[in-house]
Every structure is written in structure tokens, then in C-alpha cells.
Amino acid sequence: MAQSGDNQRQGQLEALAAAAKGQKGLPPVHLWNPPLCADIGLKIARDGTWWHQGAPIARPALVALFARVLRHDPEGYFLVTPVEKVPIAVEDAPFLAVSMRFEGDDLIFRTNLDDEVKADADHPLHFKAGKAG
């Protein structure tokens, strides 16, 4: 029995997510210049939740896969592969710092996607007052 198109795409995404799990480093999205594709309803909410067509993406591995190919261009944020560039709406920032620590003079923060990053000119932090002030 043949899979429907949606089920087949879901299976392909799950296979990609499984293959990307545990890989070190990021793909060279800065080198890829594929054509712009249609908006497919992707959004990163202010609280860091990733959404697709009005529903939260419930699979952390899929969010992690998408985050690996997220690129910020002058026109906005995009998910970029060698063959397509898909716009993604970002309400505030694509990643949230959820914890921080010092290692010597370096400030290291952990993101909501469990990546550790050193705060520097390429990875700046900005702070905004929350509802509680």
C-alpha cells in the first residue's frame, strides 16, 4: 500500500531528524543560495515555541533539525537547504537563553534547544523585562 504524500513527507522529515541527531557543527547554510519557496506557515513565537500552520511543532527532534538550517538574511529569517529557502516568521528572537554560567571571563548560555553558546559579537544577548517586570 502506497503512503499518502503527507505521510511520506512526515517519514522523510523523521528520517532526516534521526540522521541529524548527534551530528556536530552546523551545515554551511551561508553558502547555499536556493530559490525562495512559498510561505508554509512556520513561526517561532516570542516564548520560543515553533509553530507550523497554527499548531505547535511537538517533536523536539524536528525543531532541532529546523534550527540547524535557520538563517537570518536582511529580508528576514529562513529555513535554508541546498534546494529551497522557506520563510519563517520570528516574533522576537529565534532562540532563548534559559541558563547562563561563566567560564573564566566567558559567558556561556544554554538555549531553549539545549545548545551551549559563548556570548560574543556573533552571539549577542539582549534582555527584555517580562510581565513581572
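This is a walk through the structure, one selection at a time.

**Start with the whole chain**

Keep in mind that you're looking at a predicted model. Show everything as a cartoon and you should find two helices and nine strands. Going along the sequence, they come in the pattern α-β-β-β-α-β-β-β-β-β-β. Switch on a surface: the protein exposes about 9,400 Å², with carbon and sulfur atoms supplying 56% of that area. Of the 133 residues, 26% count as buried. As for how the chain folds back on itself, take the contacts with a separation of 6 or more: 49% of them involve residues 24 or more positions apart.

**Colour the sheet**

Next, pick out strands S1 to S6. Together they make an open sheet of six strands in the order S3-S2-S1-S6-S5-S4, with mixed pairing. At the edges sit S3 (55-56) and S4 (70-73), each pairing on one side only. As a reminder, strands of a sheet pair through backbone hydrogen bonds, either parallel or antiparallel.

Now step across the sheet:

- Select 50-52 for strand S2, which runs antiparallel to S3 over two bridges. Here His 52 stands opposite Ala 55 of S3.
- Move to S1 and S6, a parallel pair held over two bridges. Click Lys 43 and look across to Ala 89, its bridge partner in S6.
- Then take S5 and S6, which pair antiparallel over four bridges. Phe 78 faces Pro 87 of S6 in this pairing, and the two strands form a hairpin with four residues between them.

**Look into the core**

Which residues have the most contacts inside the largest nonpolar core? Select Leu 42, Trp 50, Ile 57, Phe 66, Leu 79 and Ile 88; the core itself has 19 residues. Two or more residues each come from strand S1 (42-44), helix H2 (60-68), strand S5 (76-80) and strand S6 (85-90). H2 gives the largest share, five residues. That fits a general habit: in soluble globular proteins, nonpolar side chains tend to be buried together.

Zoom in on Leu 42 and show what surrounds it. Setting aside residues up to four places away in sequence, Leu 42 touches Trp 51, His 52, Ile 57, Phe 66, Leu 79, Val 86, Pro 87, Ile 88 and Ala 89.

**Go to Arg 71**

Over in strand S4, select Arg 71. Is this arginine buried or exposed? Arg 71 has a relative accessibility of 12%, so it counts as buried, the cut-off being under 20%. Draw a distance from its side chain to Trp 32: a polar atom of the Arg 71 side chain lies 2.8 Å from the backbone oxygen of Trp 32. Beyond four places in sequence, the contacts of Arg 71 include Val 29, His 30, Asn 33, Tyr 77, Phe 78 and Lys 85.

**Follow the salt bridges**

There are eight salt bridges to find in total. Three are worth a stop.

First, show Lys 43 and Glu 91, whose side chains meet at 3.3 Å, N to O. Lys 43 belongs to strand S1 and Glu 91 to the loop between S6 and strand S7 (97-103), so the pair ties together parts 48 residues apart in sequence. Both ends are partly exposed: Lys 43 has a relative accessible area of 30%, and Glu 91 is at 40%.

Second, show Asp 73 and Lys 85, with the closest N and O atoms 2.9 Å apart. Asp 73 is in strand S4 and Lys 85 in strand S6, so this bridge ties together parts 12 residues apart in sequence. Unlike a partly exposed pair, both Asp 73 and Lys 85 are buried.

Third, select Asp 106 and Lys 118, which form a salt bridge at 3.9 Å, N to O. Why does this pair tie together parts that are 12 residues apart in sequence? Because Asp 106 lies in strand S8 (residues 106-111) and Lys 118 in strand S9 (residues 116-118). Asp 106 counts as partly exposed at 32% relative accessibility, and Lys 118 is partly exposed at 39%.

For a last view, display Arg 71, Asp 73, Glu 75 and Lys 85 together: salt bridges with shared partners join them into one network.

How values were computed
Residues are numbered from 1 along each chain as its sequence is written. This is a predicted model: local features need pLDDT of at least 70, side-chain atom pairs count only at pLDDT 80 or more; totals for chains, interfaces and linings use all residues. Side-chain values use heavy atoms; hydrogens and water are left out. Buried means under 20% relative accessible area, exposed over 50%, partly exposed in between (1.4 Å probe, protein chains only). Contact means heavy atoms within 4.5 Å. Accessible areas come from the Shrake-Rupley method with a 1.4 Å probe; for residues, only the protein chains shown count as cover. Two strands pair if DSSP finds at least two bridges between them. A polar contact is a pair of N or O atoms within 3.5 Å; within protein, one must be able to donate a hydrogen and the other to accept it, and residues adjacent in sequence count only if both atoms are side-chain atoms. A nonpolar core is a set of buried Ala, Val, Leu, Ile, Met, Phe, Trp, Tyr and Cys residues joined through side-chain atoms within 4.5 Å. A salt bridge is a side-chain nitrogen of Lys or Arg within 4 Å of a carboxyl oxygen of Asp or Glu.
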